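Here are a few short exercises to work through with the model open beside you. Try each task before you read its solution.

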Amino acid sequence: MSALKDAGHLFRFAGLFVLAFLLFLVIRHFVVPPSFGQYGHYRGAAMGEIAARPVKFAGHEACEACHSDVADAKKTGKHAHVNCEACHGPQEKHATSDDPSATKPQLPDSAVLCIRCHTASAAKPKGFPQVNPADHSNGMPCDTCHKPHNPGMDAGGTN
Amino acid sequence: MNGVEGFMYPNEYGLQWSVLIVLYPYITGLVAGAFILASLERVFHVEAVKPTYRLALLTALSFLIVAPLPLQLHLGHPERSPEMYFTPHSTSAMAMFGYVYLWYLMAVLVLEIWLDYRREIVLFSQSSKGLLKIVYSIMTLGSSNISPRSLAIDNRVGWIVTIIGIPSAFILHGYVGFIFGSIKANPWWSSPLMPVVFIFSAMVSGIAGVMVLYMAITKLRKQQIDMRCVDTVAMYLFYVFIIDFSLEMLDLIHRVYEADESFRSLNFLVHTQLYIPHIVIQIFLGTLTPIILLGITQVVHLPEIVRKRMYATAGCLTLVGIFAMRWNVVIGGQLFSKSFLGYTTYKVGLVSKEGLIVAVFLSILPLFILWALIKLLPPWPGNSEHAPAVGD
Amino acid sequence: MNISRRQILILLPASAVAWKSILAGTPEAASNYTMSDHWWGMLIDIPKCIGCGNCVRACQMENDVPDGHFRTWVERYHVSDEDMTNPEVISPDGGKEGFPVAEEDSKKYFFVPKMCNHCADSPCTQVCPVGATFVAPDGVVLIDPTYCLGCAYCVQACPYGCRYIHPVKEVADKCTLCYHRITKGLTTACCESCPTGARQLVDLKDPKDPIHEFLKTHPVQVLKPQMATGAKAFYNGLDGSVR
């Protein structure tokens, strides 16, 4: 058909498209990550990579495994459900170290730590133990009277 | 916090989408609008606007080439943008960008320009020398057939391409409207009207843009402006503007009437930070003034010189006004907190990757590309300097 | 490698699916962690929150959260009973160092910890153009930082403001529900460090989970329920004024 001859240039243009599309398919095969689409429209391996990130807080069970004495002291007091690292900070290194004494956590400064939670404020829940630090202890550090692991005044003991 | 008033969620203080993201819909809007103007002649046989036909196509192409640049500069990892081609997420409007852009560029715009210019391209490939000859020869795709039959086929195919091009242009720009309109988290954006408003304001900006460019270039070429053409373009601009303005007013009235939970916060924003960009620039200067100017020319018979001045003024004001509209949508939508309790401010950097200098550069770049395209593919007959110098 | 490829070519297309799984490997969680056994969420108990900011600090330490950005934060509300629609809200540095002392007045105060709600019908994963953020099979909404373009569309789409673009990595970032911890049987850093138990991890697929029991026996709310995001951060005692 002479019509085809006069439309030859159109076929060339279309041919460019087809070529480009084939090239695209080839590139795509090599570039799309292998686990993509495994669970949905995302790279399945991503979850494993995220789950493999380093842990910084050991979790209170790790602490209690060695420090059972502290765990026992805490159990009966008001800080029973305050986890160790809430005050002592992240301790994964210490908990998993071959030589835990080398990575001994620094004792928190009670002047900063205790007042963070216990400074009286109208914003805090009414039943929560809170004091005005200046009036309450006349500048004395909190652990003069309160043992952090079992802070009740009637808990007794100097330990 | 500097620039923050009231309460915002802590992650909301800084804007995510900058002036470059304002520029992107503005550019694709000009592309879509210019194409619609071109299709007026090709498909709807509005003879009068034929002098702008080729210019409109080249304008669309110049802006389309620049369109991905603001996006690439904004991305944290532009080197990963091919992922949109390899693994586009079917639920994301933004994922359409890669394919819609490529389709519109190659299967609509480049194809249509090629088909319309093919005869000249073949002739130029034979008459030019040096580097230009190579360029033209590549553009012929190796075919020198410019018989009447082949040209007739080109014309027919070109007509079909334009027909397909009209909905393609709507998708190219409409999907951007949907990107904003489908975000339920942001009440300034979330609206089914958003894609429609974007499309109509795109048509307004594109038609105004081509009109202004045609008048400016014709003047530079020291030629006579075809008044019948410009009068017709201005008429279409006027009518599309009426529709666009009605849509925007509908959105506004609906918002004010329903006064949902976001209204108080948005209302405050429009009366303070957005007062100049929205009320003054977008509505009064950028919409009402051009509509009134164009409306006057439609009902009162004015001398040619007065009409030209009014068209030029209206056209320029429109271009500024539609930019302001994009600004108010993109930037405006990020200035208030999703808690509806606070506001932040947007400071455009000067020299940063997404700053003012880059934005201005990207706005002017299409004009340079247009200049080069006009040299390569002259839109007007009688430009008989057909053998440009070597290595031009 | 070559051998398995040859086998695939010979066997049915079903084997291609198996091939994908082999190449993908299994998540580096504890060896006894199966994703489909879990559906994670969080319970936030408003009456228990004292605004100490432990959770914000712990999250920052655990996850290297950059300054000025927050994977979790605490807001303090000050609400008049006559006008619940106009609360005064503050969140100084996300509540990281606690809050200034409040004076008693006629209005009420309370703290609201906020975080990613790990929505089951999440609007943020819906808009990601490439599939860099997703709802994992165990209900945690995660971001793949090697695939993310940094376009910030997900940040715009989150109704809760929990996402941000990491200033150094230039990808989207947010709370991962400490995925690296919960897959090993630990709890999240914020829950671990909360002194009052105001934040508690919950596994909605575990009938023996005491928090799951709490959810079944108490009225709880989610933030912005009208958005229908399927949020899984449940609030006990959430006031109507909370945005």
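**Exercise 1.** Work out what share of the contacts in chain A with a separation of 6 or more joins residues 24 or more positions apart.

*Solution.* Start with the term: two residues are in contact if their C-beta atoms, placed from the backbone, lie within 7 Å. Among contacts in chain A with a separation of 6 or more, 49% link residues 24 or more positions apart.

Before you go on, two notes on the input. This is a predicted model, in which local features need pLDDT of at least 70 and side-chain atom pairs count only at pLDDT 80 or more, while totals for chains, interfaces and linings use all residues. Residues are numbered from 1 along each chain as its sequence is written, and chains are lettered from A and ligands numbered from 1 in the order in which they are written.

**Exercise 2.** Describe the secondary structure and the overall dimensions of chain A.

*Solution.* Step one: count the elements, taking helices (H or I, at least four residues) and strands (E, at least two) as DSSP runs numbered from the N terminus. Chain A has 9 helices and 0 strands. Step two: take the radius of gyration over C-alpha atoms and set it against the globule rule, 2.2 Å times the number of residues to the power 0.38. For 159 residues the rule gives 15 Å, and the radius of gyration of chain A is 32 Å, well over that, so chain A is more spread out than a compact globule. Step three: along the principal axes, the C-alpha trace of chain A spans about 105 × 45 × 25 Å.

**Exercise 3.** Characterise the side of chain C that touches chain A.

*Solution.* First, the totals: chain C brings 45 residues to this contact and chain A brings 36 residues. Next, the elements of chain C giving two or more residues include helix H2 (14–24), helix H3 (54–63) and strand S4 (108–115). Last, sort by class, with Ala, Val, Leu, Ile, Met, Phe, Trp, Tyr, Cys and Pro as nonpolar, Asp, Glu, Lys and Arg as charged, and the others, Gly among them, as polar. The side of chain C that touches chain A has 23 nonpolar, 13 polar and 9 charged residues.

**Exercise 4.** Do the same for the side of chain C that touches chain B.

*Solution.* Here 35 residues come from chain C and 29 residues from chain B. H5(C) gives the largest share of the chain C side, 4 residues. By class, that side has 24 nonpolar, 8 polar and 3 charged residues.
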